[in-house]
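Visitor: I have a structure to look over before heading back to the bench. Can you walk me through it?

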Amino acid sequence: MRKIFIADAHLRAPEDENYRTMLRFLDTLPADTDALYLLGDIFEFWIGNPQPVYGHYRDIIDCLKRVRARGVRIVYFEGNHDFHLGDFFSEQLQAEVHAGSAELMIDGLRVCLCHGDEINRADYRYRLFRFVLHSPLVRALVPVFSRRLADRTAATLSRRSSGRHAARKVRWDYRAILENFARGRFAAGCDVVITGHFHLPMVKDEGGRRFVALGDWITHYSYAQLLDGNVTLERFR
């Protein structure tokens with residue numbers, strides 16, 4: 001059976017190309033797909049359990065419901081643009097939700113999965129920011145926020161994140177950071193490491209083990225699949 005791994009679509013509006021392409025991709029998953037792993041930042045911003053669901057995300061949620069109705073298991077790893085998801089996604093999609101990284105046995109392989117925003121241990125400013133946003137206090141306050149305030153906060157955070165992305169690429173050697181992370185997980189006994197966040201499609205083998213960085217669904221339209229014990233990085237065209 002086939003497993004699919006996607007990250008960093010940053011979906012905004014149904015009229016956007018990457019949004020429409022994601023709908024096509026999910027509606028045409030191969031018949032032998034039995035699990036879909038969403039490794040964070042699928043949405044440009046989603047926090048908590050919005051009621052009613054964000055209007056611009058109804059199409060993608062309906063699409064994921066169709067995927068689930070086919071018997072495909074959905075596993076969601078929260079990112080830095082989508083978090084505190086447990087209530088909505090576990091109830092509406094019967095999804096398994098992880099707030100951080102996890103090591104899972106998949107088809108006999110020990111696989112480390114994560115969004116990847118915690119990989120750069122030297123980015124202390126971001127780690128503090130993430131700690132606050134993902135705290136139980138913020139989770140408890142989310143239902144108190146008005147929808148308008150939540151949307152305004154989402155727009156602000158998205159702008160800040162996008163504005164700092166180029167500066168981070170100059171400051172940090174993403175490839176080296178990813179390779180070091182993968183090497184550590186291999187040393188801990190993982191057979192496969194799959195991550196997102198860096199928007200850098202990458203495959204690296206070491207001692208019979210494989211690391212895959214998923215790229216994104218904005219410019220690369222890349223995803224990974226696990227089939228017959230082999231993990232590959234693919235591109236949807």
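**Aromatics, sheet and cysteines**

Guide: Start with one aromatic cluster, formed by Phe43, Trp46, Tyr54, Tyr57, Tyr76, Phe88 and Phe89. Keep in mind that this is a predicted model.

Visitor: How many helices and strands are in the protein chain?

Guide: The protein chain has 237 residues, and buried residues make up 50% of them. Its secondary structure counts are seven helices and 13 strands.

Visitor: What share of the contacts with a separation of 6 or more joins residues 24 or more positions apart?

Guide: Take the contacts in the protein chain with a separation of 6 or more. Residues 24 or more positions apart account for this share of them: 66%.

Visitor: In what order do the six strands of the open sheet run?

Guide: Strands of a sheet pair through backbone hydrogen bonds, either parallel or antiparallel. Here the pairing is mixed, and the six strands form an open sheet in the order 6-4-2-1-12-13.

Visitor: Which are the edge strands?

Guide: Look for strands that pair on one side only. Those are strand 6 and strand 13 (230-235).

Visitor: Which residue stands opposite arginine 2?

Guide: Strand 1 (residues 2-6) and strand 2 run parallel, joined by five bridges. Opposite arginine 2, in strand 2, stands threonine 33.

Visitor: Which strands does helix 1 lie across, and at what angle does it run to strand 1?

Guide: Helix 1 covers residues 17-27. It lies across strand 1, strand 2 and strand 12 (222-227), and its angle to strand 1 is about 170°.

Visitor: Is strand 4 mostly covered or mostly open, and how many of its residues are buried?

Guide: Strand 4 spans residues 73-77 and is mostly covered. Of its five residues, the number buried is four.

Visitor: Which residue of strand 6 does tyrosine 76 stand opposite?

Guide: Tyr76 belongs to the aromatic cluster. Strand 4 is joined to strand 2 (residues 33-38) by four bridges, in parallel, and there leucine 38 stands opposite tyrosine 76. Strand 4 also pairs with strand 6 (residues 96-98), again parallel, over three bridges. In strand 6, the residue opposite tyrosine 76 is valine 97.

Visitor: How many aromatic pairs are there in the whole structure?

Guide: A search of the whole structure gives the total, 19.

Visitor: What is the geometry of the pair formed by tryptophan 217 and tyrosine 221?

Guide: The two ring centres are 5.6 Å apart. The planes meet at 70°, and over 60 counts as edge-to-face. So the pair is edge-to-face.

Visitor: Are tryptophan 217 and tyrosine 221 buried or exposed?

Guide: Buried means under 20% relative accessible area. Tryptophan 217 has 0%. Tyrosine 221 has 13%. Therefore both residues are buried.

Visitor: How many disulfides does a search of the whole structure find?

Guide: A disulfide needs two cysteine sulfur atoms within 2.5 Å. The sulfur of cysteine 112 has its closest cysteine sulfur in cysteine 190, at 5.0 Å, so this is too far for a bond. For cysteine 114, the closest cysteine sulfur is in cysteine 112, at 5.1 Å, also too far. The search of the whole structure finds zero.

Visitor: Are cysteine 112 and cysteine 114 buried or exposed?

Guide: Cysteine 112 has a relative accessibility of 3%. Cysteine 114 has a relative accessible area of 5%. With the cut-off for burial at under 20%, both cysteines count as buried.

Terms used:
Residues are numbered from 1 along each chain as its sequence is written. This is a predicted model: local features need pLDDT of at least 70, side-chain atom pairs count only at pLDDT 80 or more; totals for chains, interfaces and linings use all residues. Side-chain values use heavy atoms; hydrogens and water are left out. Rings of Phe, Tyr and Trp (its six-membered ring) pair if their centres lie within 6.5 Å; planes under 30 degrees apart count as stacked, over 60 as edge-to-face and the rest as tilted. Buried means under 20% relative accessible area, exposed over 50%, partly exposed in between (1.4 Å probe, protein chains only). Helices (H or I, at least four residues) and strands (E, at least two) are DSSP runs, numbered from the N terminus. Two strands pair if DSSP finds at least two bridges between them. Contact means heavy atoms within 4.5 Å. Axes are lines fitted to C-alpha atoms, for helices over the stretch in contact, and angles run from 0 to 180 degrees between N-to-C directions.
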